Amino acid sequence: MTARSLAWLVGLSALVLALCGSLLAPRASCQDVPEVEPGDAKALLETAARAEEAGRIALAERGYRQVLKAGDGSLAAEAGFRLGMIEVRRKDYEHGYARLREVAARYGHAGARAELARAETEATRRQAKLLADAEEALGAHKLAEARKLYAQAYELAPEKPSGAAFVPRREILPRIARLVDLIDDDYYKRKAQPLERSIQRCGRCSKGGGFQSCGTCKGEGTVLKWVRLGRARVQQRVPCGPCGQIGWVFCSECLGLESTVERDKLTSDESKAVANVVNRVRALKTLRLPLADALSEVEGVLLRSEESAALTFLRSVKSRYTLSAELKAAAKLVPPDRDSLRASSGPWNSAKEGFRTRASFLLGYACDFARYLRPFELLRASQKKVDFAEAPSASFRLPSPPVGPEVLAAFPDDGTAGWIAVRATFQGYSEPADDQHKLLLTLEGEAPHNIRFFAWRPEAKAHLERLEKGPWSSRVAGLAKHYPFGVREKLLQAPRGRKVFVVGRFLRDRLGFPRNGFEVWDLKVGLTPDQEAALRALEELVDVSFPSIELRKLGSFLRVWFGTPLDLDGVDAGVRLSIEAHACPLGLVANEVAKALGCAWRFRDGKVVLARKVPAQAAADREAVLKELSAPDARITVARAGKAPAAAPEEAEALPAEPAALQAALDGALREMRYALARRACGALLAAESAAPASAPERARLEALRERLRLYDALSSSVPRSQLAGAKDIVRLETRNAAGESFAQTVRVLERGADYLVIQPGHGGKARIRSDLVRREEPLTAEGWRAAKKAEMDAQAAGLEGLEPRERAGKLFLLALTAKTAGFPELGTGFLDRAAAEDGFDWVLATYFPRRRPELAALWAKASGRKAAPAAEAPSEAPAEAPAEAPAAGGRTKAEPNADEPLPSGAADLFAYARRHHVEGTRFLSRALPGMEDASRSRRLARDHFQASRGALDRLLEQDPKHADGIRLKRDVTLMIQTCVKDMGLFD
């Protein structure tokens, strides 16, 4: 066995032991863990699965990853599937669905396929088809077609992570960018590369420095010519015309450049452009100028060249300076500075071979200057679409909505003219030795990109001014004057790892490398990663009108439609608010709510937390996010929030004086579940009995009825009547919010727009929601909705026979409250009567009203003549007065039981642990009544606490099977779990 294999097995053994030890949790024991041999991937998979079932997700992930590393096959497929599902449940949809797609494609895993099918929509299926077609087109080298198909798939993907199985935009953008590169490469290969590769050394003038002896004068510079003197004709030496008395002419093959190119590699216009440069350089007029003026002539003709291929050809030629080595040595810089010009003037004026030396030097300089222009070529290749005098700002109003650099890389020709804002993560800068004009920035987007972000260094100013000639002037004039060279200092001080906004120009040159540049004019340091996460969640626009809404119901609304839960830390969930918000970011709405409540708030773990006080860093993060949301370029309408008065008490209704009419009013109020009015009518009847005494049994009946009505009012007064009861235009919407959670909501649709719905939830008010959140819409008639509710209650009532008395009493009680909130009060009173007649009704009081149990049990005893069961039968002590979700150690809220909390060892501590979770479960179950906001979530939390309690009791009874209190508490906890599970999700 190799050392590497041994190390792997040792690591695997350690993980298995860690997994086994970690399963000592409330819902599992060490006896449940199988013996695992090192290297046994199957046993490791089973152990990791058991860890996942016990809620030890981190350890389960480690196990699954180790199984994946162990190799291919069915075990790896199952591990990949389970790991993908954990990521999906964590709302890391991009990685989760990517893993599921890989498992489904590679192994044909049925579970992965089923999960992907469940998360599919018509849009995801269409996107998958486009991506498959794009891959096929790419394989056939149909680059333009493939890019078009990828772009269509990109448009289908939502901007933010979705619970549907889309391939996210961040995965598609690099593919599009790669295709853009391939298309540009193909263009470069057709336009520039053949030209560069065809350049070769001239064979005619290899020793003459690009010159050949003049064939006319044979190198003499003069020729004999017959001239007339009077009537006589004589021979006389005159200057040679073809060579200009130099005795040499430029090589007809290479034009003096000492290199040639195949004629078919240059178009006629490009050939003319090259000839124009050469002719200007070798013109006697140029050669006779002082050096500085001659160089200016050369630079001017190159700057005026409109043909990219001409410049490409010249910068591809190797400058030999065959006849002008001395001049080259003196003029060290290109372009030369004043000292170099002064040092070069002597050799220029005393050139040994005169014009030949000067021409050799200027031709070599022309090629070097063409190479010097390379770093500035983006300026010439791009069209100027901005006014340099109106520099953009990254600190105030941005010139455009910010985009990621990966978007520019994928769509370089789409809307990239003018000033542009880019949002990215700053990772550093560099000052490359091979380009002394620029400071390069390293900016990361959400996906890889090929954009080269740069700022001009102050040393570039003189060079930019030098370029303001000819056609370059229309692109460059004013750049050196108005460019903020001080931006370099901002960049040097920018902290790494922070989001930044940069504004400037996108510059593109398809024939250059790099092809895509971004000229930075200003930079603003943005948010930290934590602040960025908060901003993404809190920038969703809210459009609501709630004249009066309970804080807990507002929290439910935010979670359902925006995937952002609202946690309360020491803040009353029952306080009522009046809220108006129109196209306002969620963060500003939260801030207005906090102001109205006189409390602070923070964003933590994907939740808005309202608290009396928050840590200093959390407050700083909040203020940074609010500043972004309130920026001048943000599209907002500030929300208004204030405390609303509590629901007004029911107006006292006049009662008739006649006993018969009073009895009718009493019966009517009972049918409508208006127990306060019924109690008043009952009191009036008792007063009438006092005035005219009747039978003692009748008076006793009325007195018992009055106590029963007081009890019923206490039990049901917190349950509202739904706004949907009696409405005509009811719609059941299946929605998926931005966090990927799915919900089914029955609402009224008040208005429909092209991309929105205005709805009224069951608790009233109205809200504007995006149509793209709706996955399915089912119109309901008022009669159909009522019939469905009635059928649901009938089905529940029909299954009561055979239930244990406490469970039957609990079911009848829940049916009574469901009847009230759904608009069936005549059924509700009947269900309450049946529940109160059950022997287990005291258990209902202890379960759902633990703090008021003594008071309500006394009313029940008076109304029914029964005696409440002793407290020992239900050992759930009333929970202490505590906030709904007070922070516990480690930042975890008390709402969710901590699956990582180890069980105590001693019997006393185990029982205390079980009682604590029993109390917490009872507290949450008391908030899980029909009509209450977040009833389903409270019921789930109650179940989790009861299960934690049962896990501790299992361990306790293993140690002491005769522990009487433990046996009694376990019996009660088991019933509680059954109650939570059976009633989970039964009511809308």
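Helix α24 (residues 529-538) lies across strands β15 and β16 in this predicted model, and the helix runs at about 105° to β15. The sheet underneath is a good place to start looking around.

That sheet is open and has three strands, in the order β13-β16-β15, with mixed pairing. Why is one side of β13 and of β15 left without a neighbour in the sheet? β13 (566-569) and β15 (600-604) stand at the edges with a single partner strand each, so one side of each has no neighbour there. On average, neighbouring strands in this sheet are turned by 25° against each other, direction ignored. Strands of a sheet pair through backbone hydrogen bonds, either parallel or antiparallel. Here, β13 and β16 (residues 607-611) go for the parallel sense, over four bridges. If you want one spot to click on, try aspartate 567, whose bridge partner in β16 is valine 609.

Now for the nonpolar interior. The largest nonpolar core has 100 residues, and Trp456 and Phe518 touch the most other members. Helix α17 (residues 355-372) gives the most to this core, with 10 residues. Apart from it lies another core, of 75 residues, including Leu662, Leu666, Leu702 and Phe849.

What is phenylalanine 518 in contact with, leaving aside its neighbours within four places in sequence? Its partners include Leu408, Ile420, Val422, Ile451, Phe453 and Phe454, as well as Val502, Val503 and Phe506. Arg452, Gly504 and Arg505 are also among the contacts of phenylalanine 518.

Aromatic rings deserve a look too, since there are plenty to click through: the structure holds 19 aromatic pairs. Two of them are set out here.

| Ring pair | Centre to centre | Angle between planes | Arrangement |
|---|---|---|---|
| Tyrosine 372 and phenylalanine 376 | 5.6 Å | 55° | tilted |
| Phenylalanine 454 and tryptophan 456 | 5.1 Å | 80° | edge-to-face |

Are these rings buried or exposed? Tyrosine 372 and phenylalanine 376 are both buried, and phenylalanine 454 and tryptophan 456 are both buried as well. These four residues also belong to a cluster linked by ring pairs, together with Tyr321, Phe361, Tyr365 and Phe369.

Finally, a couple of charges sit over rings. Lysine 438 lies over the face of phenylalanine 376, at 5.9 Å from the ring centre. In another spot, the charged end of arginine 169 sits over the ring of tyrosine 154, 4.4 Å from its centre.

Notes. Residues numbered from 1 in each chain as written. Predicted model: local features only at pLDDT ≥ 70, side-chain atom pairs only at ≥ 80, totals over all residues. Heavy atoms only, no water. Core = buried A, V, L, I, M, F, W, Y, C linked by side-chain atoms within 4.5 Å. Buried < 20%, exposed > 50% of the residue type's maximum accessible area, 1.4 Å probe, protein only. Helix = DSSP H or I, 4+ residues; strand = E, 2+ residues; numbered from the N terminus. Contact = heavy atoms within 4.5 Å. Pairing = 2+ DSSP bridges. Axes fitted to C-alpha atoms, helices over the stretch in contact; angles between N-to-C directions. Phe/Tyr/Trp six-rings, centres within 6.5 Å; stacked < 30°, edge-to-face > 60°. Lys NZ or Arg CZ within 6 Å of the ring centre and 35° of its normal.
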